[in-house]
Structure formats: structure tokens, C-alpha cells
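User: Could you take me through one part of this protein slowly? I am in my first year, so please explain each term as you use it.

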Amino acid sequence: MINRKTTEIANDYVIRVLDSPAEVGAGTWNALLFSQPQANPFMRHEYLDALHASGCATADTGWTPKFFLLERQGELAAACVLYLKTHSRGEYVFDWAWANAYAQHGLAYYPKALCAVPFTPVPGVRLLARSQADRAHLASAMLDWCKHQQLSGLHALFASDDDLAAFETSGLLLRHTVQFHWHNTTPAYVGFDAFLAQLTPEKRKKIRQERRKVADAGIRFRVREGRQIGAADWDFFYQCYEHTYLEHGNAPYLNRDFFSRMARTMPEDWLLFVAERNGQAIAASLLAINTSCAGERAAYGRYWGALERVDCLHFEACYYQPLVWCIANGYQRFEGGAQGEHKLARALLPVTTTSAHWLAQPQFLAAVDRYLSAERAGIETYVEDLRQHSPFKSARGD
């Protein structure tokens, strides 16, 4: 059904569809990415290539990549990666109900087309483009290609505002979800205590109590950034990461080879916190940082694991240690990942993230449109309710 390579000429540009990141020039792709206002390291060629080359995101795991290149006079003007999915795992924007409805009506929901970074619910640019016009051309070409391939739909997850405008122009519907992010102040906090001073007394006391429990358990943290993270550190992190996944009855999405490739090809974009007791490492938290990308300095909470249970250790490793580091290093934003109302009590505030969706079946598209209208209203109410429970004094008039 899927051609190995598709070339289309329209107006003054050419659309090429390639099957592997190895067929795409890394330097050209990254140069286009780094020029985007909402770039992050997860769209780097090295990251996408590592997902593919390690076997984590391939046809065998239900992620068949298609790299769309829009070229004008031999120059790359826009690009994106699309995946043909045979399931809905590893996406964090849930469409299981849509798939079930298709099945109940005897229709095939899979394969579907997904414009996203596998296993990575981080908002950012998905359509790399030199101009908004090129971005719109790319979105339109992707949709036309999906129609030609008779796919059930096209879905773009955690996209940037410019991407969403292009997708909406092409007829995709917008869907909102909620994440929790921390933002520094202007001027920036001078230290973690200065940050705590802005919280309500109740929340400030709770955070200090949680941190004290970890310290009283004899836990100390070792921080490694970039090339300071050695092979033994990566080995220990993966041991914790895999152990925690298996403890919950699931195999991890990412394998050791993927992280080996990260250590080799983009080490500058990683930050590791290792929890130790009596000199023995017992847990680890791995963050991404946008060292390679221009713009606002941001950190992204990504992976965590522990070999022992210690009360409040997860909060310390995944929130408080990263916030201490972000404040000390002048970072403007820390993203806590998908879902998690418990993050609000740790001073990560609700942020609306948006995806775009198109379904080929007209009746289902109309039904989803009605559903999303109601869902958006519910999300707005939910976010407003969360904001009423802000941990910050200024937001509550304390």
C-alpha cells in the first residue's frame, strides 16, 4: 500500500517522502530545526535516528517512519516526520475510544498517520519550515498523501502554535490536553528558598517536609551534566529505569542501545540526578535540557527509576532537585511531562497543550468534532479550577 518513495511536483516545490532518517541529511535537518522558534532536542536528527536505529520506533514495533521533505530549487524549505501506527501506544494523547468505535462499526482504524515524536509528550515544533507558507504547504501535502494512501486519519501531537495554524487551515480539528510546567520569574529567583517564599505557607511547609524525609533517610544527590555522564552512570540509570517499568508490569519503550546513542551523539542535551545512600546509588532521574537549541532555556522531566522505595524520593528526584538546578543555572522553564495533578502541589502549574486530528470517514469526523467541542469546554473549566488551587500566594491573594 505504501510506496517506498514518493515525489510530487506542485507549483515551485517538490515533496519527497523517505523511509528512514538515514536517508535524510542530518546537518540540513538540524539547521532547519534550530531556526524554529519552538525547537527542542527531541526533534533533532540524532534523536529520531536513535529511536529508529535502536529498534525502538520501527515497523516491527508499530512505528513506520515517513520523512516528508519540501524542497524548492534543491533547498530544504520544510520537513517533518510522520509515522504509520498499528496501535496507539506511546502517544499520550488517547484515542482508544475512537479506535473502538471504528472497530464496532467494522472499520479499520489502523494504520493511522501520526505526526509526533515517539514516546515523547513534549510540546514543540513538528513542521520544520522556513516560512508559514511553506509550513502550510507541508501540512496540506501530508494530508493529501494520507488520503491517497487511504489511511484512517492524520494526527499531530503536542504541536506548536504555527503548526496548529497550518493543520487547522488544512481542516484538522484541535484537541486540548493539560500538562504541568514550572516557570522562573523575571528577574529570576535567587535561590530555592526565594522560590519557596512565593508559595502559600501550607505548600511551603509540605515541600520542606517532603524534602526533609528524603534527607533524614540519608539520601544525597550527585548531579552529572552532558559529557560528565559516564558509561557507568548511563548503565545505572537504565537499570533503574527498566526496573521501575518492569515493577509496574510493563516493558520499557526505550532500550539501552537508544541511550548509548544519546550519550554518543547528543550528550550536551542530558542531565542526570543520582540518589545515593551511604555511597550506594539507589535511584536516578534523567532530564533533557535544550542546550543545543536557541531560545528560552528549558528542562524536560523525562525518565526515572529506583531500586529501593524511600518515602518522597520520587518527588525529590523528579521535581525538587531539578528545580534547584534550574534556579541555580538560570533556566526559565521546567516541563514535568504528561498528566499528573500531584505536580500542582509542587508548584508546576497547568498548561494547555494541543494536538490536531483528521479522520477520513466523514461521519466519524463530524462526531469527533462534536465531542472535541464539549471536551474543550471541559478542559477550560478544569484548568480554571486548577488555577484556583495555585500553590502561589500571589495567585490566591494571600
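Here is a close look at the nonpolar cores and at a few residues.

Analyst: Happy to help! A word on the source: this is a predicted model, in which local features need pLDDT of at least 70 and side-chain atom pairs count only at pLDDT 80 or more, while totals for chains, interfaces and linings use all residues. Residues are numbered from 1 along each chain as its sequence is written, and side-chain values use heavy atoms, with hydrogens and water left out.

Let us begin with the setting. The chain has 12 helices and 14 strands; these are DSSP runs numbered from the N terminus, with helices being H or I of at least four residues and strands E of at least two. Of its 398 residues, 55% count as buried, where buried means under 20% relative accessible area, exposed over 50%, and partly exposed in between (1.4 Å probe, protein chains only).

Now for the cores. A nonpolar core is a set of buried Ala, Val, Leu, Ile, Met, Phe, Trp, Tyr and Cys residues joined through side-chain atoms within 4.5 Å. The largest one has 54 residues, and those with the most contacts inside it are Trp29, Tyr47, Phe237, Phe259 and Trp270. Helix α8 (residues 231-247) gives the largest share of this core, six residues. Apart from it lies another core, of 40 residues, including Ile219, Ile289, Ala306 and Tyr320.

Let us stop at Trp270. Contact means heavy atoms within 4.5 Å. Not counting residues up to four places away in sequence, Trp270 touches a list of residues, among them Phe42, Tyr47, Trp234, Met262 and Ile289. Tyr47 is also one of the residues with the most contacts inside the largest core, while Ile289 belongs to the other core.

Next comes Ile219, from that other core. Isoleucine 219 is found in strand β9 (residues 219-225) and is buried, with a relative accessible area of 4%. Leaving aside neighbours within four places in sequence, Ile219 is in contact with Val214, Ala275, Glu276, Arg277, Ile282, Val310 and Leu313. Isoleucine 219 and proline 350, by contrast, are 131 residues apart in sequence and 30 Å apart in space, C-alpha to C-alpha.

Finally, look at a charged residue. Arginine 333 is found in strand β13 (residues 333-338), and at 15% relative accessibility Arg333 counts as buried. Residues up to four places away in sequence set aside, Arg333 touches His181, Trp182, His183, Glu296, Arg297, Ala298, Ala299 and Tyr300.
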